[in-house]
Amino acid sequence: MRMNHSQLLFLSREETSGNFQKEGTLRVGRQERALTDRFCRLRGNLLFVLKTQGGKLEEVLLLERCEVMKLPDHDRRLAVSFESGDRPVFLESSSTAECASWLVLLRDANTETLRRRIAQLCTLISTHTATTLHTQEHSAHFTGGGDAGGAGGVEAAAKVSPLHLTVECRIVVSVAARVQLQVCVIDTHTHTVRKHCCCQIVERSFLGFTSFSIRDLLKSKEPHVSLSLRTMDGVNEVGEVKVSRLQMEGESEDKTPPEHKCPALCDSLHSSVHEKENSPMMRAVLCAQVCKVYRFQTEDQRWLLVREQMSETPLSFSLPKQLLSMLINEHTSRVQEVKELGDLSPHWDGVRHDVINHCNHLIGCYQETLTELDKLSASSCFKSSSSKSEKHLRFIPTNLHSQRMEVTSPDSTGVWYEFITFGAPADHHQAFKHGGLKRLLSKRTNHSGSSVSYSQDESCRARELLASVAQLQPLVFGLAEELLSVSLELNAARLQQVLDSLTQQTDLFVHALKDELVKSALLAIHTQRSTDCTSSHVHSNGLLCDKTPANQEGQTSLRGAEYDEEEWDRAWANVAMILSCIIAMGDRLQGREDRPQEVTSSEQQDATGDTNCQNTASSSSSSSSSASSWQEQLLPLVVTLRDCVREAVGKARDAMTFVVLQGAVARTVAQGSSQLVQRRHAVFSQALSAVVCGFMLKLYGGLEDPEFLHQLHSVGVLAQFEGLLSTYGDEVGMLEDMEVGVADLSGVTFTITEAKTEQPDDLLPTLSGGWGSLVVEVPLPPETFGSLPRELKEGRLIRLHPVLFNIGINQQQSLAERFGDSSLQERVNQQSCERLKTYCNTLRDRQPDTAGLQSLPDLLSSLDHSVETRKRKNVEVLWIAAAVCRTVNGVRLTSCKSAKDRTAMSVTLEQCALLRERHTLSQQHFSTALDCMRRDGCRMENVQKNVGCRKFAFSGVQLLTFPKLYRPPDGSYG
């Protein structure tokens with residue numbers, strides 16, 4: 001087949017080809033025994049074989065005049081044989097189910113199947129009927145399609161086009177009394193019918209067809225286009241169709257000519273869809289978009305065009321997989337750290353054994369989870385509500401979507417509002433029999449002792465000090481021996497050279513030991529031993545050990561009932577003072593009396609406390625260098641130096657071993673059982689994916705706002721989580737999980753980096769750092785990155801300030817308020833209110849001139865009052881918190897159990913409230929708009945995606961307990 005390689009490469013790219021029928025990794029080859037991993041994409045009748053995802057295009061298979069069969073002796077292998085006699089191509093998938101899926105699609109990927117599909121679509125269109133539109137014998141006028149508008153100036157989402165048209169059939173050659181008019185909207189990427197309508201007819205007669213691009217109509221200077229109507233074979237012309245743009249109602253008072261007003265509005269919408277939404281950044285973060293368009297009437301009888309868009313995000317899987325890899329590496333490094341500590345006493349060896357077992361168990365579990373996730377299709381972006389309890393998906397957020405609303409009015413261009421919706425971050429796999437994280441961690445704290453813990457930085461310092469001591473001790477000992485050897489030569493120059501080297505290395509040794517961390521660790525060892533001297537320590541693995549110091553050496557000083565805090569200072573000072581004695585002796589041996597000669601016996605006694613050193617110094621001062629050999633006079637001092645160094649090293653090693661092990665314990669076994677740690681990591685992973693998606697969308701929308709960019713690096717970004725969980729039954733445990741997961745996000749920071757290219761993979765965020773100090777690196781295209789403020793380009797960290805407000809709204813919350821306990825909800829809201837006030841006050845102090853912040857004091861006062869008010873299902877708390885969040889350019893996230901039903905009620909209510917408050921949506925049409933969004937909007941598509949039916953999971957009895965504004969319209973639930 002003759003082909004253009006550059007065009008095929010263009011078609012194989014994800015950003016240019018839209019949705020593929022299927023894509024994923026297969027083992028491909030022309031010989032059964034020589035298969036290699038390749039990334040394959042199927043589009044139409046072309047199978048693209050790439051070396052890697054986004055990599056070099058190696059081969060293109062034209063699936064015509066071929067047969068695809070499953071090999072009888074291998075349930076995961078397919079063979080594609082060609083009638084031309086070319087060698088067959090073998091394809092091997094990762095699973096039997098995946099193999100069956102590829103088999104069906106490859107068999108259907110040919111022209112004959114496409115013809116059958118077209119015929120089926122034609123039959124479907126011709127037999128489908130829609131709601132009555134105004135029909136004339138040879139003329140038909142319509143706006144939108146299908147059900148042409150509900151009551152009160154609002155039209156159904158799924159059936160209203162953002163462009164309003166009239167279609168007129170003229171000069172029609174017809175044998176029927178009436179003419180059927182059908183209008184279809186074809187998705188140019190998938191080549192499927194997305195929407196269609198037809199007028200009601202008495203007799204059916206298919207005359208012909210025609211097609212046109214809406215883009216051409218929008219760009220046309222004339223408000224209409226004329227098209228020829230031809231028969232199916234394209235030979236005969238049977239008439240003409242004229243398509244015209246309609247003027248929107250309520251625009252007659254505007255100065256702009258009516259015939260140009262509506263096209264401007266539609267062009268604005270068209271531009272936002274095809275430029276902003278198809279930018280490389282948006283394509284990297286959002287996928288599988290669902291869009292609905294509405295037309296709402298304002299208070300001044302004008303029209304709003306509202307575009308509602310719901311999208312999945314690849315971050316649902318990419319960030320959890322990165323987090324799992326990071327946790328595996330972190331625990332592997334910790335195992336290596338404690339193994340490098342060498343021989344330890346039985347107690348500390350038992351502690352090390354605990355740490356290693358704990359880490360190895362987590363590493364095994366996380367590697368298993370990561371392996372299962374890697375088996376999923378590369379295009380996986382969604383975890384349905386029915387999968388929330390699956391073990392290998394516990395790190396994946398449930399039903400994570402971005403919900404965005406664009407509002408276009410005659411007076412303004414598109415204004416965007418973002419929401420992130422996802423199931424409350426919770427570990428449904430472990431369930432909630434014993435409560436959630438908050439309760440489990442509280443029990444762990446109550447049963448654990450008050451042992452000291454050390455930070456990651458302190459553990460690093462301890463390891464560095466251990467390494468320095470291990471390196472310097474043999475150097476000091478070696479130079480001391482060399483000094484004795486050189487003293488036999490009676491060579492003053494050589495003796496001075498060795499003495500200088502000994503002085504330099506010993507000074508480095510003393511400087512390393514003068515770390516306050518060593519002193520504080522020795523005190524902590526003594527305090528812990530004294531506290532538990534009559535008790536025993538039970539490790540997490542059941543090991544029973546006495547609390548004793550790490551090594552046998554140096555323990556005598558720690559066994560006393562009282563600990564002298566100056567003991568460590570004397571230990572390293574001994575080394576310094578005996579070095580001074582050796583230097584003084586070297587000067588006397590060389591006859592240089594002008595250098596400081598003596599250290600008085602009282603100074604030696606105060607500094608060293610060693611009578612042997614004192615006697616040696618005094619005897620050496622009374623001896624002449626010519627009376628005895630140099631070696632005999634240096635030997636006692638060198639022996640004392642080695643003893644002092646050995647004592648200091650023993651104490652330092654005890655202390656730093658204690659710090660390293662206590663740090664490892666604090667980050668492993670002290671966190672609880674491996675099940676508890678996995679639960680915390682899984683909940684955090686779900687919350688992290690959602691908040692990173694929200695931050696990136698907020699960043700993309702604010703790149704041209706200098707005040708927002710300044711806010712990022714000076715104050716940070718607010719993330720406001722809205723919960724709709726009840727405080728009754730299992731949802732109490734979910735709320736306890738969510739509370740801890742949101743709080744753990746406080747340790748997350750963002751930094752903005754420059755992407756290498758504009759390819760989607762290069763624009764995805766990456767994780768660095770470790771648990772408790774995670775850094776999310778958000779790449780931007782080079783041109784966009786260059787326009788950022790200097791602070792952000794230099795890598796200034798952006799702090800994340802998460803807050804959680806929860807109000808239960810369902811029937812279970814009614815039970816909790818009447819017969820149970822809602823104190824958990826009250827505490828969460830009160831704490832978040834205080835944190836929110838702190839953030840807002842800091843923002844006002846740093847940016848006092850920012851527009852819009854003047855309303856913050858009143859909003860915060862109202863929020864504080866609402867939180868303190870004892871009112872059942874006080875949803876005003878959620879409304880005010882959301883208003884504060886949008887005022888300070890925060891990230892809005894909404895959750896219920898599965899983000900499917902209650903979340904839909906909340907998001908649609910907030911969308912309509914924004915239209916009413918910021919875009920003058922008519923009050924009399926508010927309820928109608930709300931019902932329209934709930935019945936026909938994106939959230940109903942979300943329900944369909946999760947459970948396979950278009951009904952919210954409510955009953956009439958349940959809805960009686962819901963606040964009125966959170967009740968769906970009749971017919972949309974059941």
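A residue is called buried here when its relative accessible area is under 20%, and in this predicted model that cut-off is what gives meaning to the description of strand β19 (717-723), where V717, A719, F721 and G723 on one side and L718, Q720 and E722 on the other are all buried, leaving both faces of the strand covered. In a regular strand the side chains alternate between the two faces of the sheet. Seven of the seven residues of β19 are buried, so the strand is largely enclosed by the rest of the structure.

The setting of β19 is an open sheet of ten strands with mixed pairing, in which the order runs β13-β14-β15-β16-β24-β19-β23-β20-β22-β21. Its edges are formed by β13 (287-297) and β21 (766-770), each of which pairs on one side only, and neighbouring strands are turned against each other by 25° on average, when direction is ignored. Within this order β19 sits between β24 and β23. With β23 it pairs in the parallel sense over seven bridges, and L718 stands opposite H801 of that strand; with β24 it also runs parallel, joined by five bridges, and here A719 has V891 as its bridge partner. Elsewhere in the sheet, strands β14 (residues 303-312) and β15 (residues 401-409) run antiparallel and are joined by seven bridges, with E308 having M405 in β15 as its bridge partner.

Helices pack on this sheet as well. Helix α24 (residues 823-846) touches β19 and β23, and its direction makes about 145° with that of β23. Helix α18 (residues 674-701) lies across eight strands listed by name, among them β15, β19, β22 (773-780) and β24 (891-895), and runs at about 35° to β22.

What does α18 contribute to the nonpolar interior? In soluble globular proteins, nonpolar side chains tend to be buried together. The largest nonpolar core of this model has 77 residues, and those with the most contacts inside it are Y366, L688, V692, L699, F721, L745 and L780; the largest share of this core, 14 residues, comes from α18. F721, a residue of β19, is thus listed among the best-connected members of the core, and it is also touched by L745, whose other contacts, not counting residues up to four places away in sequence, are F684, A687, L688, V691, L800 and P802.

A second, separate core of 66 residues includes V476, A524, W568 and V665. V665 also takes part in a helix pair, where W348, V351, R352 and V355 in α9 meet F658, L661, Q662, A664 and V665 in α17. By class, this contact has seven nonpolar, one polar and one charged residues. Helix α9 (residues 346-375) and helix α17 (residues 630-666) pack at an angle of about 35°, with their axes 10 Å apart, and α9 passes α17 in a left-handed crossing.

Finally, the loop between β24 and α27 (902-918) holds D901. Is this aspartate buried or exposed? D901 has a relative accessible area of 10% and is therefore buried. Leaving aside its neighbours within four places in sequence, D901 is in contact with C896, V943, F952, A953 and F954, while the C-alpha atoms of D901 and P968, which are 67 residues apart along the chain, are separated by 9.4 Å.

Key: Residues are numbered from 1 along each chain as its sequence is written. This is a predicted model: local features need pLDDT of at least 70, side-chain atom pairs count only at pLDDT 80 or more; totals for chains, interfaces and linings use all residues. Side-chain values use heavy atoms; hydrogens and water are left out. Axes are lines fitted to C-alpha atoms, for helices over the stretch in contact, and angles run from 0 to 180 degrees between N-to-C directions. Helices (H or I, at least four residues) and strands (E, at least two) are DSSP runs, numbered from the N terminus. A crossing is left-handed if the near helix is turned anticlockwise from the far one by less than a right angle, and right-handed if clockwise. Contact means heavy atoms within 4.5 Å. Ala, Val, Leu, Ile, Met, Phe, Trp, Tyr, Cys and Pro count as nonpolar, Asp, Glu, Lys and Arg as charged, and the others, Gly among them, as polar. Two strands pair if DSSP finds at least two bridges between them. Buried means under 20% relative accessible area, exposed over 50%, partly exposed in between (1.4 Å probe, protein chains only). A nonpolar core is a set of buried Ala, Val, Leu, Ile, Met, Phe, Trp, Tyr and Cys residues joined through side-chain atoms within 4.5 Å.
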